[in-house]
Amino acid sequence: MIWLAALIVAMGCALVLPVNGYLMNLLMQASTYAIAVLGMTVVLGYAGQINIAQAAFFGIGAYGLALGTTALGLPFFVALVFGAVIALLFGIVLGGSTLKLGGHYLAMVTISFQEILTLVLTNWISVSRGPDGISNIPRPHLGFLALDLAPHYLALCVFVLFLAAGLVIWLKSSRLGLSMQAVRDNELAAGVVGIDTYRVKIIAFAASAALAGLGGGLFAGAFRYISPDQFSFDDSVVLLTMALLGGVDVAIGAVIGTALLILLPEWLRFLKQFYLAVYGLAVILIMVFMPQGISGYFVRFFRRVPPMQEGAITPLVFGAAGSTGGMLLEVSGLAKHFGGLRAVDDIDLAVERGSVHALIGPNGSGKTTTLNLLSGIYRPTSGSIRLGGRDVAGFAPHLLAAAGIGRTFQNIRLFHSLTAFENVLIGSFRDAGSRDAESRRARAAAALDFVGMAERAHVTVASLPYGHQRLIEIARALAANPTLLLLDEPAAGLNLTEKQNLVALLRRLRGHGLTILLIEHDMDLVEQVSDRIAVLNFGRRIADGTPGEVLRHPDVVAAYLGEVAENAPA
Ligand code: ADP
Ligand code: MG
């Protein structure tokens, strides 16, 4: 409602306020740029991927519209979509070919793409008309409504800006948007909870390119003349600065940053020759004192906390309930070599349905590596992994998550800037039984409640104490309704009470028929909850059996005594 009112007011202002031609141009520039900066909110803010080619995508949209209307004779809106779609396709190709690399590579590739585009626009004269640019770009007619007067056209730009902003705001709390933020916060964990991280990154990149293309198309119509120098590397940096200045976390930041960087020079004009220095200083000061951008600085005062769950929280349902007997996981000859180091060396392991199987061993014996193989973070050097009879060795993490594997990490890996509830909600995306948004929210609430963290639902996980973070991580795994839960040292760093709670939690999980592979150093805890224990030493399995058998096994005693001796102070 407020949204609609703001839209009507903004469009009304554009239509009736007596604005001179110069200011009109600034407003048209600001509104079309802001659409491209909203793209940066998606790719950089939500998905955490750097893009220093936003002006190139903006230019592709602008040329798409200019050439579409003038050379191809397309109607304005068809040409506008045409430009945005071409930008989108370039986004998919560029993202698809480089997002696997990430980080610095992505920055370098986007810069190169930016430079290449400038060269092509300048030199491919038969198509782009070269440095002279394209003039006489038409403005649209919408039925009987001619939008070619500047105020009308500005109203159109404002309308599209509102649409784009609405979309970007909606995206943030959608399944796709949360997946993007999960990738940004912890890509490894995102894969393990079932997100196809590569695909999500490409979508973010392509959406960002499409928004830039849309803004660029409107920009071309606004100025009716474009040339290659308007879409250079410098302009990409300007768009990036606008995004960072306004704040990339929320959509409104894009609008604030754009408006400020376009209007600030005007306000500072009275400073005459000092204006550039003051302008630069102002930008630096904002960046230094508001590292989250202007919107990030203010948003924290306005954060609304929505209720997690209306009505009672339902008990958590376990898909695997009652399925005991038979082997759920069968590992044979599994090996992982890092160069000459045999971190995991030819191990066999069979985990019975409904049991808790512990995996113990001295530090560096290959326990975490085994879990990384089982959850797809590493590809095995050799060996087979069968889950419920199906060979899953070498699957990507998100496919193993879909196959029913859930896990936690030795060094907790949560999506640190999201709330406890959002973390667990992202886990629930993988649950085949929760198909609609409502049931996913209910499942996330149930999982949080199961580990006793329902009251902390809306706390950002980074500010939770360590023990709580461990529980949130378990809840996130449970929300996906795994058939096999892998826990990597869940008791590490917990105090005595927390350890006792963990034992109770593990027993409840076992009571629900969940199969658990538990890595743990605390032997007391292992003895209390395990049905079987496997022991690793130097990457090899040296024992496997009931706790009584294993803990008396001479090799095990020797391995542990060895560790004690090594760790003993000299
Ligand atoms: P644990 O969890 O039993 O303490 P790990 O599985 O983490 O042991 O490590 C087993 C061995 O493999 C260690 O010697 C470790 O240094 C090595 N290792 C683990 N991951 C890697 C890697 N990515 N690259 C090289 N060596 C690794
Ligand atoms: Mg480990």
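This is a short talk about the shell around ligand 1 and the two sheets of this model.

Okay, housekeeping. We're looking at a predicted model, where local features need pLDDT of at least 70 and side-chain atom pairs count only at pLDDT 80 or more, while totals for chains, interfaces and linings use all residues. Residues are numbered from 1 along each chain as its sequence is written, chains are lettered from A and ligands numbered from 1 in the order in which they are written, and side-chain values use heavy atoms, with hydrogens and water left out.

Let's start with the ligand. Which residues are around ligand 1? Going by a heavy atom within 4 Å, we get Phe338, Leu341, Ala343, Pro362, Asn363, Gly364, Ser365, Gly366, Lys367, Thr368, Thr369 and Tyr378. By class that's 5 nonpolar, 6 polar and 1 charged. The bookkeeping there: Ala, Val, Leu, Ile, Met, Phe, Trp, Tyr, Cys and Pro are nonpolar, Asp, Glu, Lys and Arg are charged, and the others, Gly among them, are polar.

Now the polar contacts, meaning N or O pairs within 3.5 Å; within protein, one atom must be able to donate a hydrogen and the other to accept it, and sequence neighbours count only if both atoms are side-chain atoms. Gly364 has a backbone N or O atom 2.8 Å from an oxygen atom of ligand 1. Gly366 puts a polar backbone atom 3.0 Å from a ligand oxygen. On the nitrogen side, Tyr378 brings a polar side-chain atom to 2.9 Å from a ligand nitrogen. On its own, ligand 1 has 560 Å² of accessible area, and the protein covers 64% of that (Shrake-Rupley, 1.4 Å probe; for residues, only the protein chains shown count as cover).

So where does that shell sit in the fold? Helices here are DSSP H or I runs of at least four residues, strands are E runs of at least two, numbered from the N terminus. β4 (341-352) and α15 (367-374) each give at least two shell residues, and α15 gives the most, with 3.

That takes us to β4's sheet. It's open, with 4 strands in the order β4-β3-β6-β7 and antiparallel pairing, where pairing takes at least two DSSP bridges. β4 and β7 (390-391) are the edges. And α15 packs on this sheet, touching β3, β4 and β6 (heavy atoms within 4.5 Å), at about 115 degrees to β3. Those angles run from 0 to 180 degrees between N-to-C directions, with axes fitted to C-alpha atoms, for helices over the stretch in contact.

Inside that sheet, 8 bridges join β3 (327-338) to β4, with Lys336 partnering Val344. The two form a hairpin with 2 residues between them, and Gly339 in the turn has a positive phi of about 60 degrees. On to β6 (382-387): β3 has 5 bridges to that strand, with Glu330 opposite Arg386 and Val331 partnering Ile385.

Last stop, the other sheet. How many strands form the β8-β9-β10-β5-β11-β12 sheet? There are 6, the sheet is open and the pairing is mixed. β8 (405-407) and β12 (540-545) are its edges, and neighbouring strands are turned by 20 degrees on average, direction ignored. β5 (356-360) runs parallel to β10 (515-519) through 4 bridges, with His357 opposite Leu517. Helix α20 (496-511) packs on this sheet, touching β5, β9 (484-488) and β10, and makes about 150 degrees with β10.
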